[in-house]
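Please read the following explanation alongside the sequence and the coordinates. It proceeds from the arrangement of the chains to the contacts of individual side chains.

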Number of protein chains: 4
Amino acid sequence: MSSTYGQMIKLSIFGQSHGAAIGMTLDGVPAGLSVDLDELQRFLKRRAPGQNDFSTPRKEDDAPEFLSGLLDGYTCGAPITAIIKNTNTRSVDYKNLMDCPRPGHADYTAQVKYGGYQDLSGGGHFSGRLTAPLCIAGGLCKQWLDAQGIQIGAHIANIAGISDTPFFPVSPQLAQVGVDFPVISKEAGAIMRRAIQDAKADCDSVGGIVECAVTGLPVGLGEPMFGGMEGRIAQMVYGIPAVKGVEFGAGFGTAKLRGSQNNDPYIIEDGIVKTQTNHAGGILGGITNGMPLILRAAFKPTPSISRPQTSVSLGHMEQKELIVKGRHDPCIVPRAVPVVEAAVAIAIYDAFLEWKARR
Amino acid sequence: MSSTYGQMIKLSIFGQSHGAAIGMTLDGVPAGLSVDLDELQRFLKRRAPGQNDFSTPRKEDDAPEFLSGLLDGYTCGAPITAIIKNTNTRSVDYKNLMDCPRPGHADYTAQVKYGGYQDLSGGGHFSGRLTAPLCIAGGLCKQWLDAQGIQIGAHIANIAGISDTPFFPVSPQLAQVGVDFPVISKEAGAIMRRAIQDAKADCDSVGGIVECAVTGLPVGLGEPMFGGMEGRIAQMVYGIPAVKGVEFGAGFGTAKLRGSQNNDPYIIEDGIVKTQTNHAGGILGGITNGMPLILRAAFKPTPSISRPQTSVSLGHMEQKELIVKGRHDPCIVPRAVPVVEAAVAIAIYDAFLEWKARR
Amino acid sequence: MSSTYGQMIKLSIFGQSHGAAIGMTLDGVPAGLSVDLDELQRFLKRRAPGQNDFSTPRKEDDAPEFLSGLLDGYTCGAPITAIIKNTNTRSVDYKNLMDCPRPGHADYTAQVKYGGYQDLSGGGHFSGRLTAPLCIAGGLCKQWLDAQGIQIGAHIANIAGISDTPFFPVSPQLAQVGVDFPVISKEAGAIMRRAIQDAKADCDSVGGIVECAVTGLPVGLGEPMFGGMEGRIAQMVYGIPAVKGVEFGAGFGTAKLRGSQNNDPYIIEDGIVKTQTNHAGGILGGITNGMPLILRAAFKPTPSISRPQTSVSLGHMEQKELIVKGRHDPCIVPRAVPVVEAAVAIAIYDAFLEWKARR
Amino acid sequence: MSSTYGQMIKLSIFGQSHGAAIGMTLDGVPAGLSVDLDELQRFLKRRAPGQNDFSTPRKEDDAPEFLSGLLDGYTCGAPITAIIKNTNTRSVDYKNLMDCPRPGHADYTAQVKYGGYQDLSGGGHFSGRLTAPLCIAGGLCKQWLDAQGIQIGAHIANIAGISDTPFFPVSPQLAQVGVDFPVISKEAGAIMRRAIQDAKADCDSVGGIVECAVTGLPVGLGEPMFGGMEGRIAQMVYGIPAVKGVEFGAGFGTAKLRGSQNNDPYIIEDGIVKTQTNHAGGILGGITNGMPLILRAAFKPTPSISRPQTSVSLGHMEQKELIVKGRHDPCIVPRAVPVVEAAVAIAIYDAFLEWKARR
């Protein structure tokens with residue numbers, strides 16, 4: 001397991017935040033799939049930092065360099081590897097973290113698991129920066145799904161308790177999501193931005209929820225039990241740092257519903273079987289039912305805050321106050337939107353190939 | 001994928017609701033682990049139907065028959081296979097479902113995916129009955145984890161919007177969970193039971209939430225990214241029919257918190273590094289931090305309700321009213337409590353073996 | 001790993017020689033595939049003991065009982081599980097083997113690996129009897145491949161140094177293989193039988209080679225490097241007890257050839273690209289080239305011989321003479337012929353499904 | 001599958017012969033393992049071309065560049081990625097191969113499988129050049145096994161029918177293998193070299209056999225059936241281009257032996273259980289028995305020969321004479337020796353980690 005995913009495709013993500021390069025290998029992709037590198041670059045830009053006034057001003061030039069797998073704009077059947085070189089040199093900011101772990105980060109767990117051999121610099125392999133290669137893989141899968149009529153979109157559903165207009169579960173308004181700040185309601189977006197600025201002013205951070213929808217899916221993707229779409233998407237989405245919850249369709253809300261409310265009645269529309277509502281989020285028995293697949297992922301507030309925090313010295317085994325240096329996003333949710341799309345795209349493309357095998 | 005799970009252990013679950021038998025094979029377990037079959041039987045009984053007035057009166061004798069892998073009360077290193085024979089004969093109740101799918105069930109998705117070859121009887125391979133072999137595997141893993149000082153417990157956190165006392169995240173009160181009806185607060189339990197009875201009287205059903213805690217975990221279980229504990233537990237828990245949401249620690253609640261609230265400060269207690277709070281649910285960077293692992297799983301209301309429902313005739317492609325026959329639990333949440341424990345036990349035991357490999 | 005195999009299908013084999021039952025689960029098979037149980041029974045009978053005067057007289061009634069996955073003669077999309085109950089009770093013959101391991105058997109390695117918890121009786125999970133469930137899985141795959149025009153056949157290529165007429169590599173004479181004793185040349189067969197009888201008379205055993213051919217394969221099965229057909233077939237065939245060598249096409253013979261001899265020239269025949277010779281055994285770059293796939297597997301002589309053998313007492317750590325009791329095949333090669341076909345069928349069917357996914 | 005291998009470690013190999021770079025990612029390695037990059041470079045040099053008068057004069061500077069996973073000379077727990085940049089520009093030599101496939105190469109199978117989208121240049125992903133990243137991964141595993149007292153060595157057992165002194169199966173003379181030309185007998189080596197020169201003078205090539213031994217193994221590595229050491233090593237070794245046969249211990253020779261000859265008697269030596277002979281090649285029931293693990297891999301003669309060969313035009317579907325241009329090794333066996341060591345090291349290290357998990 002670890003940083004490798006997939007049944008039909010094998011995605012391997014590598015790199016540390018301040019290492020020589022980060023990157024990914026995507027193995028098992030058919031030959032002859034078209035790749036639009038400009039579109040990929042636009043997709044990656046949505047995740048890149050420095051896009052607005054509250055994201056980290058650290059400039060990352062996330063231009064992927066393809067080492068293999070592509071030829072003249074098409075996949076060639078060989079594993080696809082792309083890297084992003086790191087221009088940041090090894091930081092000295094992080095040396096003390098081995099002794100004094102940052103609350104909410106993987107410092108302490110990594111220290112115990114790897115016995116002090118881990119690369120702490122910039123979060124090492126646990127850094128949010130590793131979502132860049134995830135977006136390379138996901139951006140490619142998104143293009144290939146798009147060519148099959150399958151569209152994936154996401155928006156900020158909630159930041160700091162402030163909600164955007166939710167996706168209509170039956171026909172999600174993918175086109176109405178804003179580009180600069182990915183919300184449907186500009187008003188809600190403005191309030192969210194203010195909440196982020198407030199947190200920043202308080203040397204603090206805020207969390208939020210990303211909602212994602214997939215349309216145009218055929219009926220039948222997914223396998224029973226552990227191969228169900230919820231499980232394979234959840235495993236992928238939980239690969240994104242900071243995710244602490246994943247729900248599908250009515251999700252945790254189903255707990256309050258009665259069966260007569262939650263069951264989606266079948267109807268026929270334009271000669272196609274559909275459901276009138278979509279509490280199932282497009283998945284029944286782990287298998288897509290042709291309705292939009294809807295999921296939400298909860299992101300915890302950025303653990304890196306500049307306020308003094310209570311921690312311990314592992315060397316001296318005593319309490320210690322910690323001041324985290326460096327600049328960090330007061331809210332990663334806006335940048336997480338394309339990352340969720342990428343993660344979902346990878347899981348769906350994997351299931352799509354598996355579905356083809358058993359038709 | 002499909003009905004197979006695991007990195008170090010390979011769990012394969014088989015069977016259809018009304019087939020000859022259901023069962024499981026658990027491969028990759030070390031030899032020499034003690035197995036207490038009486039304890040396993042008591043665990044299975046917690047899941048079995050017919051325990052109280054609102055669960056389905058259908059009598060299932062869930063006595064596992066071990067075909068392999070055990071010798072004189074110990075694992076022998078060979079794959080462990082156990083089956084439960086079905087005494088129910090093939091029902092004729094389900095014949096019409098191939099034409100007229102039940103809302104909220106896998107009937108329609110199975111029909112399209114398997115082209116009419118699927119076993120519909122009693123839900124076939126999608127039946128909740130398949131959680132019995134899951135509980136055999138999970139009950140064994142639970143015993144082996146217990147021998148390592150790792151305890152797993154769960155309770156009903158919510159039914160129909162009514163909440164039980166939540167687990168203390170820092171020291172979950174596992175021992176205070178009731179046996180007959182697994183809640184901590186008897187008062188809340190009484191109200192939940194009434195809500196279930198009300199739904200039953202209305203020919204309807206209700207959903208709920210199960211909360212699970214794992215104590216005694218070493219620091220360091222889990223791998224980065226896709227091998228993180230959240231993802232591997234979620235994939236397993238989503239293998240349980242009717243689960244639509246899985247969250248860890250503060251989960252979706254983190255979206256409303258600020259970093260300064262959500263970050264768990266480190267403290268030293270009895271010479272051991274702990275966290276003061278446990279919003280992380282015992283997992284940081286996908287890796288256990290030694291604090292109790294806390295998760296919640298949302299269950300949708302039982303889709304089988306005896307009210308008339310709107311569906312379609314797939315053969316005639318026209319609307320059709322459907323009356324679901326048979327007796328069904330108006331709420332599966334009480335019986336789902338040990339199933340969540342089982343699923344979590346399997347995922348943790350798998351991660352435990354993997355952790356041993358890299359020490 | 002251990003007793004689980006496959007990329008698209010997951011085959012799990014379970015059971016010990018003298019346990020309650022042996023069996024297999026085959027997960028990931030598409031729905032709607034026809035299954036002929038009579039044909040399967042005939043296939044299993046080819047492996048069953050007691051067919052001739054030199055195979056073990058132990059009567060095994062290898063009638064599989066299907067617990068799941070089949071409905072009205074077709075696969076239903078759920079995992080297929082079949083078991084064969086053991087009628088033999090636990091033998092006392094094997095008690096002493098824990099102290100005094102039989103040369104050539106897994107007794108010693110199992111003792112150290114499983115610390116004395118292993119099931120020794122009849123060889124436990126290491127018994128050749130486990131090839132019966134392998135033949136159930138393989139017999140099914142063989143039928144499904146046959147429906148695609150892909151034929152698999154094998155014969156005894158060599159026993160005790162005596163060679164049968166080899167398969168023509170370009171058009172293997174599958175139909176000329178005998179039924180009772182699977183050789184092409186009756187004369188060679190008669191000499192082989194005599195060699196087996198001689199070994200038996202000497203309280204000894206002999207080894208041999210099975211040659212297998214697959215015809216009707218499409219071009220393109222297999223993936224690069226570790227997913228190549230040679231590697232995936234070899235992993236499966238080495239799952240058969242007693243196999244110590246696997247080679248493809250000209251195999252070890254290629255070491256003596258020059259490139260100009262070994263390269264198979266391309267020709268066009270009936271509008272199809274073929275090769276004039278088939279030293280490659282139908283595989284180039286790990287991928288099938290449309291020519292017959294040819295492989296050979298070497299089987300060591302049955303280690304169970306009734307002559308006195310040199311062994312040790314593990315308890316006393318001293319030399320000890322061992323007399324192996326019980327009746328054993330003086331040569332397992334004739335019964336191994338369908339087992340090799342089964343193993344190859346499973347590997348090919350798995351690759352066939354994977355090939356479909358990426359077309 | 002495809003170019004990904006492993007149970008505990010996940011090895012992913014990427015790149016095409018004339019692409020931007022070739023490389024590998026090794027995921028799942030514990031943290032804190034020491035890495036000697038100079039020793040690795042010496043190991044890689046054994047595989048590099050241009051070492052003697054009959055290997056291809058093409059100069060490849062196989063200096064790996066580590067992008068991740070190492071920190072201050074130790075593994076840091078994150079996936080290890082290393083690349084080798086290609087300095088060769090895309091060749092025009094290979095353009096015509098899409099129409100006229102080279103006999104013995106993957107040109108035709110790749111053309112059908114990938115529909116003309118494959119990278120043909122220099123053999124693309126099927127090139128022997130991909131064994132360089134295999135040697136990076138294997139060279140690392142070799143160092144880590146060495147630190148456990150496990151030694152791996154190989155030599156040329158045969159070229160063009162000329163045999164070197166075989167490894168003593170009980171105590172293989174690893175130290176006596178030559179460095180420049182890896183044989184034990186200098187005389188045999190001289191004759192082999194002449195045979196290679198003769199083939200080269202004839203515009204032809206020759207095949208051969210590599211024999212490999214592993215000493216210092218603990219008892220108990222490997223799992224039953226498909227997880228046996230033979231199968232997992234074979235799958236890895238068959239990942240090396242040109243391998244057509246893999247055998248263990250007495251291998252195909254066992255077919256001629258009687259049980260009384262092939263069974264290895266147990267003895268006690270220095271208080272340790274050993275076997276007097278080692279026909280089993282150190283593996284019984286798929287599990288290591290503590291004796292040296294011995295295997296042989298057969299390599300076909302280099303398919304690239306400069307003689308005119310019979311092929312076809314796929315575009316015109318007619319016969320065509322083919323002249324393969326470029327310079328190629330008349331025998332790859334000498335350079336294949338470290339590649340076999342690398343492949344075996346990877347398979348053993350993977351099994352070693354798995355073994356630790358179940359102790």
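What rotation, and what shift along its axis, superposes chain D on chain A? In this predicted model, the operation is a rotation of 180 degrees with 0.0 Å of shift along the axis, and the RMSD of the superposition is 0.0 Å. That is the relation of a two-fold axis. Within chain D, the C-alpha nearest this axis belongs to D:Ser12, at 3.8 Å from it. The two copies use the same surface, since 100% of the contact residues of chain D recur in chain A.

The interface of chain C and chain D may be considered next. The size of an interface is often given as the accessible area lost when the parts come together. For chain C and chain D the buried area is about 8200 Å², of which 65% is on carbon and sulfur atoms. Each side is represented in the contact, with 105 residues from chain C and 105 residues from chain D. Polar interactions also cross this interface: 43 residue pairs are in polar contact, both residues being at pLDDT 80 or more, and six salt bridges are found. A salt bridge between C:Lys113 and D:Glu223 has its closest N and O atoms 3.2 Å apart.

A further link between these two chains involves C:Gln235, a residue of helix H5 (residues 229-237) of chain C. The side chain of C:Gln235 reaches across to the backbone oxygen of D:Phe226 at a distance of 3.0 Å. Is C:Gln235 buried or exposed? With a relative accessible area of 6%, C:Gln235 is buried, because the limit for that class is under 20%.

Charged pairs can be followed beyond this interface. Side chains of opposite charge can pair when their charged atoms come close. Over all chains, the search of the whole structure finds 76 salt bridges. One of them joins A:Arg46 to A:Glu341, with an N to O distance of 2.8 Å. A:Arg46 belongs to helix H1 (residues 37-47) of chain A and A:Glu341 to helix H7 (residues 333-357) of chain A, so this salt bridge ties together parts that are 295 residues apart in sequence. The two partners fall into separate accessibility classes: A:Arg46 is partly exposed, with a relative accessible area of 32%, whereas A:Glu341 is buried, at 2%.

Helix H7 of chain A also supplies A:Glu354, while A:Arg232 comes from helix H5 (residues 229-237) of chain A; their pair therefore ties together parts that are 122 residues apart in sequence. The side chains of A:Arg232 and A:Glu354 meet in a salt bridge at 2.7 Å, N to O. A:Arg232 is buried, at 0% relative accessibility, and A:Glu354 is buried as well, at 1%. Salt bridges that share partners also form one network, which consists of A:Lys113, B:Glu223, B:Arg232, B:Asp350, B:Glu354 and B:Arg358. In chain C, C:Arg102 and C:Asp107 form a salt bridge whose closest N and O atoms are 2.7 Å apart. Both C:Arg102 and C:Asp107 are buried.

Aromatic rings provide another set of contacts, with a count of 34 aromatic pairs over all chains. Among them is the tilted pair of A:Tyr74 and D:Tyr117, at 5.1 Å centre to centre and with 45 degrees between the planes. A:Tyr74 lies in strand S6 (residues 74-75) of chain A, and D:Tyr117 in the loop between helix H2 (107-114) and helix H3 (131-146) of chain D, so the pair joins two chains. Both members count as partly exposed, A:Tyr74 at 32% relative accessibility and D:Tyr117 at 34%.

Another tilted pair is found within chain D, where the rings of D:Tyr114 and D:Phe126 have their centres 6.4 Å apart and their planes at 45 degrees. D:Tyr114 lies in helix H2 of chain D and D:Phe126 in the loop between H2 and H3 of chain D, so this pair ties together parts that are twelve residues apart in sequence. D:Tyr114 and D:Phe126 are both buried. In chain A, ring pairs link A:Trp144, A:Tyr349, A:Phe352 and A:Trp355 into a cluster.

Notes: Residues are numbered from 1 along each chain as its sequence is written. Chains are lettered from A and ligands numbered from 1 in the order in which they are written. This is a predicted model: local features need pLDDT of at least 70, side-chain atom pairs count only at pLDDT 80 or more; totals for chains, interfaces and linings use all residues. Side-chain values use heavy atoms; hydrogens and water are left out. Copies are superposed by least squares on the C-alpha atoms of residues with pLDDT of at least 70 in both. Contact means heavy atoms within 4.5 Å. Helices (H or I, at least four residues) and strands (E, at least two) are DSSP runs, numbered from the N terminus. Buried means under 20% relative accessible area, exposed over 50%, partly exposed in between (1.4 Å probe, protein chains only). A polar contact is a pair of N or O atoms within 3.5 Å; within protein, one must be able to donate a hydrogen and the other to accept it, and residues adjacent in sequence count only if both atoms are side-chain atoms. Rings of Phe, Tyr and Trp (its six-membered ring) pair if their centres lie within 6.5 Å; planes under 30 degrees apart count as stacked, over 60 as edge-to-face and the rest as tilted. Buried area is the accessible area (1.4 Å probe) that two parts lose on being put together, summed over both. A salt bridge is a side-chain nitrogen of Lys or Arg within 4 Å of a carboxyl oxygen of Asp or Glu.
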